[in-house]
Amino acid sequence: MKKRGSRTKAKQPHPLTKLTNLDNNNSKPNLLPEQNSWHNLWNKHQKQRWDQEGSGSERSEEQQLTLAHRQQEQAQRMEHGERIMGSASNNESSMLVDQKQTSTHTPVGSGASDSANPLLAMLYPPVLAAAHASSATFVILIAMWMYKYNGQNPAVQGFAWETGNKKVFNYHPVFMSAGFGFCLTEAILSFHLPLRHVLNKTIHFIFHVFAWIFAAIGLTAVFKFHNDFGIKNMYSTHSWMGMMTVSLYGFQFLLGFMFAAPLDIVSKNTRRMLVPIHQYLGLSTFVFAIATMAAGITEKMAFNKTGPDFGSEFAITQAANVVLWLWVLTLPAAVVLRQHIK
């Protein structure tokens with residue numbers, strides 16, 4: 001029996017049921033897994049709060065609609081956050097693509113690209129050719145001097161290896177200039193060849209080996225000449241500069257073997273640290289060699305009393321001096337230009 005005057009309240013649907021219906025009708029946007037987890041956690045919290053406050057039949061319809069409206073607003077906020085994250089990821093992807101395209105089309109250089117250094121790119125080929133040509137020309141001029149114009153005296157012109165023959169000395173300037181001049185230059189410029197790095201290193205090593213062979217012949221010739229004629233060794237500035245050049249070259253040569261050692265002995269980090277030192281010592285050895293050859297030309301001209309009145313000998317020695325200083329200017333210039341336009 002129902003009590004008289006009592007009113008039966010219609011059972012109101014749970015507010016979460018409305019949101020569930022929205023989900024079933026695909027009215028709520030698709031959310032990321034992280035967003036779904038937060039969304040479910042928020043719904044669980046609201047349901048617990050609803051259970052604490054009372055059942056749905058005890059709440060007014062306005063309160064139920066307010067709760068459902070809050071849930072819909074939360075879903076819209078999550079949808080808005082998803083759109084922001086999507087646009088941010090798209091922007092990041094486009095930036096990465098742009099950077100990749102820029103790095104693909106922009107050549108690597110020392111502070112500027114080839115397009116920013118057209119003058120350097122234009123100067124590099126003739127400077128490189130001049131460095132090769134000047135080193136070879138210098139050796140040819142020295143060989144011609146010793147073979148045909150030395151002292152304007154046929155008795156000391158040409159080459160011989162017999163004991164007591166003054167022509168033995170003539171091997172010294174030719175082979176020393178060929179070893180520490182031409183071969184050293186070609187060893188430095190070997191990395192300018194458009195070959196694989198391994199081949200460039202092999203050529204670099206071969207020229208250094210020939211430099212030592214030629215230097216050994218040149219040093220043997222001068223010591224043999226001094227001993228045969230009772231001349232003291234190591235008596236001039238040229239002699240001591242030559243020994244300094246040989247010592248520095250030997251240290252540089254031994255340092256180069258560290259780049260051929262296994263990685264478990266010499267690590268990559270150690271090699272990277274040694275590269276600038278190796279390059280600096282290489283150019284320093286070149287400068288020492290040039291200075292020693294210049295001093296040697298001056299000393300030999302003084303022994304021969306070569307002057308403007310000697311005609312051909314004086315002319316060929318002056319030509320050798322000019323080529324020598326052209327050589328000094330072009331080789332470092334070729335190395336610097338290559339670093340800027342490679």
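These legends walk through a few views of one predicted model.

**Figure 1. The whole chain is built from helices, with zero strands.** Count along the model and you'll get nine helices. Starting at the N terminus, the elements simply read α-α-α-α-α-α-α-α-α. There are 342 residues here, and 36% of them are buried. Now look at who touches whom: of the contacts with a separation of 6 or more, 72% link residues 24 or more positions apart. On the outside, the chain exposes about 21000 Å², and carbon and sulfur atoms supply 63% of that area.

**Figure 2. Here's helix α7, which covers residues 237–256.** This helix has 20 residues. From its first C-alpha to its last, α7 reaches 29 Å, close to the 28 Å expected at 1.5 Å a residue. Which residues of α7 are buried? They are His 238, Ser 239, Gly 242, Thr 245, Val 246, Leu 248, Tyr 249, Gly 250, Gln 252, Phe 253 and Leu 255. The cover over these buried residues includes α5 (171–189), α6 (197–228) and α8 (268–304).

**Figure 3. A nonpolar patch sits on the surface.** Its members are Trp 161, Phe 205, Ile 206, Phe 210, Ile 213, Ile 217, Leu 254 and Phe 257. Together they have about 740 Å² of accessible area. Which helix gives the largest share of the patch? That's α6, with five residues. Take Ile 206 as one to zoom in on: it lies in helix α6. Ile 206 counts as partly exposed because its relative accessibility is 40%, and the partly exposed range runs between the 20% and 50% cut-offs.

**Figure 4. Lys 224 and Asp 228 form a salt bridge.** Side chains of opposite charge can pair when their charged atoms come close. In this pair, the closest N and O atoms are 3.6 Å apart. How many salt bridges does a search of the whole structure find? Just one. Both partners lie in helix α6, four residues apart, which is about one turn of the helix. Are the two partners buried or exposed, or something in between? Lys 224 counts as buried, because its relative accessibility is 18% and buried means under 20%. Asp 228 has 29%, so that residue counts as partly exposed.

**Figure 5. Glu 162 and Asp 228 are far along the sequence from one another, at 66 residues apart.** In space, their C-alpha atoms are 10.0 Å apart. You'll find Glu 162 in the loop between α4 and α5. With 49% relative accessibility, Glu 162 counts as partly exposed.

**Figure 6. Asn 150 is a buried residue in a loop.** The loop in question runs between α4 (118–149) and α5. Why does Asn 150 count as buried? Its relative accessibility is 2%, and the cut-off for buried is under 20%. The side chain of Asn 150 is joined to the side chain of Asn 304 by a polar contact of 2.9 Å. Leaving out residues up to four places away in sequence, Asn 150 touches Trp 145, Val 156, Gln 157, Asn 170, Lys 300, Asn 304 and Glu 313. So Asn 304 turns up twice in this view: once in the polar contact, and once in the list of residues that Asn 150 touches.

How values were computed:
Residues numbered from 1 in each chain as written. Predicted model: local features only at pLDDT ≥ 70, side-chain atom pairs only at ≥ 80, totals over all residues. Heavy atoms only, no water. Helix = DSSP H or I, 4+ residues; strand = E, 2+ residues; numbered from the N terminus. Expected span 1.5 Å × (residues − 1). Buried < 20%, exposed > 50% of the residue type's maximum accessible area, 1.4 Å probe, protein only. Contact = heavy atoms within 4.5 Å. Patch = residues over 30% accessible without salt bridge, like charges linked within 9 Å, V, L, I, M, F, W, Y side chains within 5 Å. Areas by Shrake-Rupley, 256 points an atom, 1.4 Å probe, with all protein chains shown as cover. Salt bridge = Lys/Arg side-chain N within 4 Å of Asp/Glu carboxyl O. Polar contact = N/O pair within 3.5 Å; in protein donor to acceptor, adjacent residues only side chain to side chain.
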